[in-house]
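Subject: Structure handover

Hello,

Please find the structure below. My notes on it follow.

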Amino acid sequence: MAGQWSGQKELGGMGMMRLLFKVCPHHLLCLIAIPVSFFYWLASPRQRHAAKAYLAHVGRKRGSWRCFYAFSLTLIEKIEGWAGRCSYDDLVFFDDDLPDLRRRLRAGKGAMLFVSHQGNAELMRGLATEGKTGLGTRIKILSFVYFKGTSQFNEMLRRVNPESMVHLVDASNITPETIARVEETVKGGGLVVIAGDRTSMTHAERSLSIPFLGKEARFPFGAFYLAALVGVPSYSVCFERVKDLGWKHRFEMHVWANPMIDLSSRKSRMEGSRQVACHFASRLEAECRRHPYQWGNFYDFWEEGIR
């Protein structure tokens with residue numbers, strides 16, 4: 001399929017990135033990222049055209065290089081987060097549903113979090129795993145990830161902090177044992193984190209067509225139906241830099257409670273899953289308009305025939 005994200009190749013140069021991370025301070029890394037991101041912008045026409053198409057959907061006529069640079073900053077922050085260089089004090093909170101989620105966690109009740117490639121959900125996972133949540137305790141997080149296509153970066157994170165590769169589930173291979181792990185995590189007061197803006201790598205046809213930034217786009221049905229199968233409250237979460245191209249460690253955290261799903265029948269679960277997906281997409285759309293350059297999907301999201 002034209003818009004399938006799984007066809008994207010992983011960026012090279014991870015060994016050099018690991019070396020630079022060891023010897024360079026944060027601001028120097030951000031400075032080095034300028035020519036590096038410009039090189040990838042020039043050398044990646046397909047991704048460049050996809051970024052331009054996305055920006056057109058948010059009303060921006062140009063600035064695709066900024067998407068590449070913002071993504072470079074995100075990679076730096078992911079590594080720094082797992083290396084312990086970011087803290088809870090770097091977070092800015094809003095008047096949303098975060099207190100509700102905190103009450104659940106303090107009561108030992110788990111939940112599902114739907115995240116996206118807008119901003120930096122990986123940094124949030126690193127802070128929570130290290131106990132930097134404001135709750136005074138560590139929270140177990142089970143994350144769904146696609147290992148294919150990110151092996152080099154995952155290995156680099158593992159070397160920075162071995163815990164980064166703990167409690168992960170391969171999203172391309174969902175089994176009954178996977179569902180059991182999800183249930184065990186939420187019953188134990190943990191969080192299950194899954195991306196709501198990537199269709200299945202193995203079953204892309206199992207998707208929901210939802211209005212997003214002015215045009216129908218495909219969102220993963222299975223991700224949202226998982227909340228119905230487990231029967232647990234879910235939240236849409238976004239974790240972004242305060243300034244799209246800012247160098248300071250200042251991040252916004254947004255948490256919105258999703259509609260509760262009626263679990264009484266298969267039909268109601270199906271309908272409820274779509275409602276949650278629509279709620280997630282509407283929140284994501286608003287954040288893309290607020291922070292347009294932090295969108296980390298460099299492929300034909302709307303299947304518009306980009307080459």
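To begin with one residue: does E77 count as buried or exposed? E77 counts as buried because its relative accessibility is 2%, where buried means under 20% relative accessible area, exposed means over 50%, and partly exposed is in between (1.4 Å probe, protein chains only).

Two remarks on the source of the values. This is a predicted model, in which local features need pLDDT of at least 70 and side-chain atom pairs count only at pLDDT 80 or more, while totals for chains, interfaces and linings use all residues. Residues are numbered from 1 along each chain as its sequence is written, and side-chain values use heavy atoms, with hydrogens and water left out.

Overall figures

The chain has 307 residues, of which 53% count as buried. Its secondary structure comes to 10 helices and nine strands; helices (H or I, at least four residues) and strands (E, at least two) are DSSP runs, numbered from the N terminus. The accessible surface of the chain is about 14100 Å², and 55% of that belongs to carbon and sulfur atoms. Accessible areas come from the Shrake-Rupley method with a 1.4 Å probe, and for residues only the protein chains shown count as cover. Contact means heavy atoms within 4.5 Å. Among contacts between residues at least 6 apart in sequence, 77% join residues at least 24 apart.

Two buried residues

E77 sits in helix 4 (residues 64–82). Not counting residues up to four places away in sequence, E77 touches N120, L123, R241 and F251.

L191 is in strand 5 (residues 191–195) and is also buried, at 6% relative accessibility. Leaving aside neighbours within four places in sequence, the contacts of L191 include L101, L105, A111, L113 and I139. Others on that list are K140, I141, L142 and T185. The C-alpha atoms of L191 and A128 are separated by 9.9 Å, with these positions 63 residues apart along the chain.

Cavities

How many cavities of 30 Å³ or more are there? The count comes to five. The search used a 1 Å grid over the protein atoms alone, and a cavity is a set of points where a 1.4 Å probe fits but cannot get out; lining residues have an atom within 4 Å of a point. Grid points are joined across faces, edges and corners, and a volume is the space filled by probe spheres set on the points.

The largest cavity holds about 250 Å³ of space. It is lined by 19 residues, and the closest to its centre are L98, M124, A128, T133 and M253. Strand 1 (91–93), helix 5 (98–106) and helix 6 (121–129) are the elements that give two or more residues to this lining. Helix 5 provides the largest share, four residues.

Salt bridges

A salt bridge is a side-chain nitrogen of Lys or Arg within 4 Å of a carboxyl oxygen of Asp or Glu. By this rule there are six.

One of them joins R218 and E303, with the closest N and O atoms 2.6 Å apart. This pair links distant parts of the chain: R218 is in strand 7 (residues 215–220), and E303 is in the segment after helix 10 (266–290), 85 residues apart. R218 counts as buried because its relative accessibility is 17%, whereas E303, at 35%, counts as partly exposed.

Another is between R290 and E252, at 3.2 Å from N to O. Here too the pair links distant parts of the chain, with R290 in helix 10 and E252 in strand 9 (residues 251–257), 38 residues apart. R290 is partly exposed, with a relative accessible area of 40%, and E252 is buried, with 6%.

R290 also meets E287 in a salt bridge, at 2.7 Å from N to O. R290 and E287 are separated by about one helical turn because they are three residues apart in helix 10. E287 counts as buried at 4% relative accessibility. E252, E287 and R290 are thus linked in a network of salt bridges.

Surface

M16, L19 and V23 make a nonpolar surface patch of about 310 Å². Patches are made of residues with over 30% relative accessible area and no salt bridge: like charges are joined within 9 Å, and nonpolar side chains (Val, Leu, Ile, Met, Phe, Trp, Tyr) within 5 Å. M16 belongs to helix 1 (residues 14–23).

Regards

Notes:
1 Å grid on protein atoms, 1.4 Å probe; cavity = no way out; pocket = protein on both sides within 12 Å on 5 of 7 lines; lining within 4 Å.
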